[in-house]
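Reader: I would like to take a close look at one part of this model and then follow the description outward from there. Please take your time with it, and keep each step tied to what can be read from the structure.

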Amino acid sequence: MTSYWPIIDGNTYDFIEGNDFESESPIFVSDRLSKSKSAFYVKDESSYFRAPPGIYFYESLTISLWTRVKSPQSWSRAIDFGFSNISVFLSLSKNANLNPVYNNLNGSNFPSFTMNSFYDLNEWIHLAVTHNENTVKFYLNGQLINTNSNFSKPYVIHRINCFLGKGNRNDSY
């Protein structure tokens, strides 16, 4: 495990590496279990977290999160780690539809994998993506939704712009 980032009482911790996050105007709210200040609300592009620069992706990766979408936005980023046109990101919606998208942008190559399932607005869901070698799997509430076995591996590089709740290229995603 490279990183584990829970939110506890309005604070973020990296339990594995011990690194702190920078935050921009986070709005802490109750989580799915009604625990106060254990989740954050992304109001717009001005409220997000920034993880420290580093190497986060190797031969395999798992992105796992609980989320509740109140209003779908096109390409809403849950996580976006990279710089410029090299990035790994998970969007909660594509074109304002409620179907998540995982991307591994490697320069001019833009592989994208869309989950073949939709979720409900204002409902807490557990979303997970695994990427092992060339296989990517999408899970929704613990159920495997779909698999892509022909997906390029992320570059093993030092990523500078590492965001939760924001895109890394100064766009509004």
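Why does Val29 count as partly exposed, and what surrounds that residue?

Author: The model is a predicted one, and what follows should be read with that in mind. Val29 counts as partly exposed because its relative accessibility is 29%, and the class of partly exposed residues lies between the cut-off of under 20% for buried and that of over 50% for exposed. The residue is part of strand β4, which covers residues 27–29. When residues up to four places away in sequence are left aside, the contacts of Val29 are with Lys35, Ser36, Lys37, Ser38, Ala39, Phe40 and Tyr41. Tyr102, by contrast, stands 73 residues away from Val29 in sequence, with 26 Å between the two C-alpha atoms.

A second residue may be set beside this one. Leu121 belongs to the loop that connects β11 (112–114) to β12 (125–132), and with a relative accessible area of 35% it is partly exposed. Setting aside residues up to four places away in sequence, Leu121 touches Val69, Lys70, Ser71, Pro72 and Leu98. Ser30 lies 91 residues from Leu121 along the chain, and the distance between their C-alpha atoms is 17 Å.

From these residues the description can turn to the sheet. Seven strands form an open sheet with antiparallel pairing, in the order β3-β6-β15-β8-β9-β10-β11. At its edges are β3 (22–24) and β11, each of which pairs on one side only, and from one strand to the next the twist averages 10 degrees.

Within this order, strand β8 deserves particular attention. Six of its seven residues are buried, so β8 is largely enclosed by the rest of the structure. On one hand, β8 (residues 77–83) pairs with β15 (residues 161–164) in the antiparallel sense, over four bridges; in that pairing Phe81 has Cys162 as its bridge partner, while Asp80 stands opposite Phe163. On the other hand, β8 pairs with β9 (residues 86–91), again in the antiparallel sense, over six bridges, and here Gly82 is placed opposite Ser87. The hairpin formed by β8 and β9 has two residues between its strands, and in it Ser84 takes a positive phi near 50 degrees.

Asp80 also leads from the pairing of strands to the pairing of charges. Side chains of opposite charge can pair when their charged atoms come close. A search of the whole structure finds two salt bridges. In one of them Arg77 is joined to Asp80, with the closest N and O atoms 3.1 Å apart, and both Arg77 and Asp80 are buried.

In the other, Lys153 is joined to Glu133, with 3.6 Å between the closest N and O atoms. Because Lys153 is in the loop between β14 and β15 whereas Glu133 is in the loop between β12 and β13 (135–140), this pair ties together parts that are 20 residues apart in sequence. Lys153, with a relative accessible area of 32%, is partly exposed, and Glu133 likewise counts as partly exposed, at 38% relative accessibility.

Glu133 calls for a further remark on its backbone, since it is not a glycine and yet has a positive phi of about 55 degrees. Asp9, too, has a positive phi without being a glycine, in its case of about 50 degrees. Asp9 is placed in the loop between β1 (7–8) and β2 (11–12), and at 53% relative accessibility it counts as exposed.

The loop between β14 and β15, already mentioned for Lys153, brings the account back to the surface. Val156 is found in this loop, which follows β14 (143–148), and at 44% relative accessibility it counts as partly exposed. Together with Ile55 and Tyr58, Val156 forms a nonpolar patch on the surface, and the accessible area of these residues together is about 250 Å².

To return to the starting point, Val29 is a residue of strand β4 that counts as partly exposed at 29% relative accessibility, whereas strand β8 has six of its seven residues buried.

Technical notes. Residues numbered from 1 in each chain as written. Predicted model: local features only at pLDDT ≥ 70, side-chain atom pairs only at ≥ 80, totals over all residues. Heavy atoms only, no water. Buried < 20%, exposed > 50% of the residue type's maximum accessible area, 1.4 Å probe, protein only. Contact = heavy atoms within 4.5 Å. Pairing = 2+ DSSP bridges. Axes fitted to C-alpha atoms, helices over the stretch in contact; angles between N-to-C directions. Patch = residues over 30% accessible without salt bridge, like charges linked within 9 Å, V, L, I, M, F, W, Y side chains within 5 Å. Areas by Shrake-Rupley, 256 points an atom, 1.4 Å probe, with all protein chains shown as cover. Salt bridge = Lys/Arg side-chain N within 4 Å of Asp/Glu carboxyl O.
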